[in-house]
Amino acid sequence: MLNPPLQLAAASVAMSVASDHREAFTRLLEQHTGIIRKVAAAYTGSRADRLDLMQEISLQLWKAYPRYSPERPFSTWMYRIALNVAISFLRSATRPHRQTVSLEATELDVPDETATPETDERVAELQQVIEGLEPLNRALLLLYLDDRSYREIASILGITETNVATKISRLKERVRQQMTQTAAE
């Protein structure tokens, strides 16, 4: 057993390491908070649900942070956890009604200066299409719209790059057809 001064020193070092750990996590979380907002917006229908999901994603990220390996991009690791939490949230037995999506134009990063009534209408149409997608397809579309590479999408979702390319190609065609059909109506 350590004598009291050594115990105090050991506790001080442990608190310092924990503090550094917390600060590093907080910094990374602040840098990539947009990922949490995007994922939460894609998998919830109301502001309250979105806030609940954002909090749950943040909590799960904190719990998993000790297993994060700095050799991998933080954003890739973060997306993987956020999407898994969101899909679990969506599938939760206590929340079976959460099968819709409500993306706000700001979540799609449409710059204000380019927003026109036509752009707003197209964004609303895209929101409707996204509402009907299955969880995996929502994740694929979210990552694709966020300009992630096929390699990174594959890593985040745990599927092959070939599978990502195939699914995105089919998804783009499906979205295109649905948006064309909506515009014709």
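How many of the 11 residues of helix 6 are buried? In the predicted model examined here, the count is eight of the 11, so helix 6 is largely enclosed by the rest of the structure. The buried positions are Pro135, Asn137, Arg138, Ala139, Leu140, Leu141, Leu142 and Leu143. The surroundings of this helix are described below, after an overview of the fold.

The protein contains eight helices and zero strands, and its elements accordingly follow the order α-α-α-α-α-α-α-α from the N terminus. Of its 185 residues, 36% are buried. The accessible surface amounts to about 11,000 Å², and carbon and sulfur atoms contribute 53% of that area. Among contacts between residues at least 6 apart in sequence, 68% connect residues at least 24 apart.

Within helix 6, which spans residues 135–145, leucine 141 offers a detailed view of the local environment. The relative accessible area of leucine 141 is 9%, below the 20% limit, and the residue is therefore classed as buried. With residues up to four places away in sequence left aside, leucine 141 touches Ile130, Leu133 and Leu171. The C-alpha atom of leucine 141 lies 9.7 Å from that of valine 175, a residue 34 positions away along the chain.

One of these partners, leucine 133, is located in the loop between helix 5 (117–131) and helix 6. Leucine 133 is likewise buried, with a relative accessible area of 3%. Its contacts, again without residues up to four places away in sequence, are Arg138, Leu141, Leu171 and Arg174. Leucine 133 and leucine 171 are 38 residues apart along the chain, and 9.3 Å separates their C-alpha atoms. Leu171 thus appears among the contacts of leucine 141 and among those of leucine 133.

Leu171 also takes part in the packing of helix 6 against helix 8. The axes of helix 6 and helix 8 (residues 161–184) are 10 Å apart and enclose an angle of about 90°. Angles of 65 to 115 degrees count as roughly perpendicular, and the two helices are therefore assigned to that class. On the side of helix 6, the contact comprises Leu136, Asn137, Leu140, Leu141 and Tyr144, while helix 8 supplies Val164, Lys167, Ile168, Leu171, Lys172 and Arg174. By class, the residues of this contact are seven nonpolar, one polar and three charged.

Beyond the end of helix 6, the chain reaches aspartate 147, whose phi is positive, near 60°. This is a positive value in a residue other than glycine. Aspartate 147 belongs to the loop between helix 6 and helix 7 (150–157). With a relative accessibility of 71%, aspartate 147 is exposed, whereas leucine 141 in the preceding helix is buried.

Helix 7 packs on helix 8 as well, with an angle of about 105° and axes 8 Å apart. Helix 7 and helix 8 are therefore also roughly perpendicular to each other. Tyr150, Arg151, Ile153 and Ala154 of helix 7 meet Glu161, Val164, Ala165 and Ile168 of helix 8. The contact of helix 7 with helix 8 includes six nonpolar, no polar and two charged residues. Val164 and Ile168 of helix 8 occur both in the contact with helix 7 and in the contact with helix 6.

Aromatic residues form a further element of the structure, which holds seven aromatic pairs. In one of them, tyrosine 65 and tyrosine 68 are stacked, with a distance of 6.1 Å centre to centre and 15° between the planes. Both tyrosine 65 and tyrosine 68 are buried. Tyrosine 65 pairs with tryptophan 77 too; the ring centres are 6.3 Å apart and the planes stand at 70°, so this pair is edge-to-face. The pair of tyrosine 65 and tryptophan 77 links distant parts of the chain, 12 residues apart: tyrosine 65 sits in the loop between helix 3 (47–64) and helix 4 (74–91), and tryptophan 77 in helix 4. Tryptophan 77 is buried, as is tyrosine 65. Together with Phe25, Trp62 and Phe74, the residues Tyr65, Tyr68 and Trp77 make up one aromatic cluster.

Methods:
Residues are numbered from 1 along each chain as its sequence is written. This is a predicted model: local features need pLDDT of at least 70, side-chain atom pairs count only at pLDDT 80 or more; totals for chains, interfaces and linings use all residues. Side-chain values use heavy atoms; hydrogens and water are left out. Helices (H or I, at least four residues) and strands (E, at least two) are DSSP runs, numbered from the N terminus. Buried means under 20% relative accessible area, exposed over 50%, partly exposed in between (1.4 Å probe, protein chains only). Contact means heavy atoms within 4.5 Å. Accessible areas come from the Shrake-Rupley method with a 1.4 Å probe; for residues, only the protein chains shown count as cover. Axes are lines fitted to C-alpha atoms, for helices over the stretch in contact, and angles run from 0 to 180 degrees between N-to-C directions. Angles under 35 degrees count as roughly parallel, over 145 as roughly antiparallel, 65 to 115 as roughly perpendicular and the rest as oblique. Ala, Val, Leu, Ile, Met, Phe, Trp, Tyr, Cys and Pro count as nonpolar, Asp, Glu, Lys and Arg as charged, and the others, Gly among them, as polar. Rings of Phe, Tyr and Trp (its six-membered ring) pair if their centres lie within 6.5 Å; planes under 30 degrees apart count as stacked, over 60 as edge-to-face and the rest as tilted.
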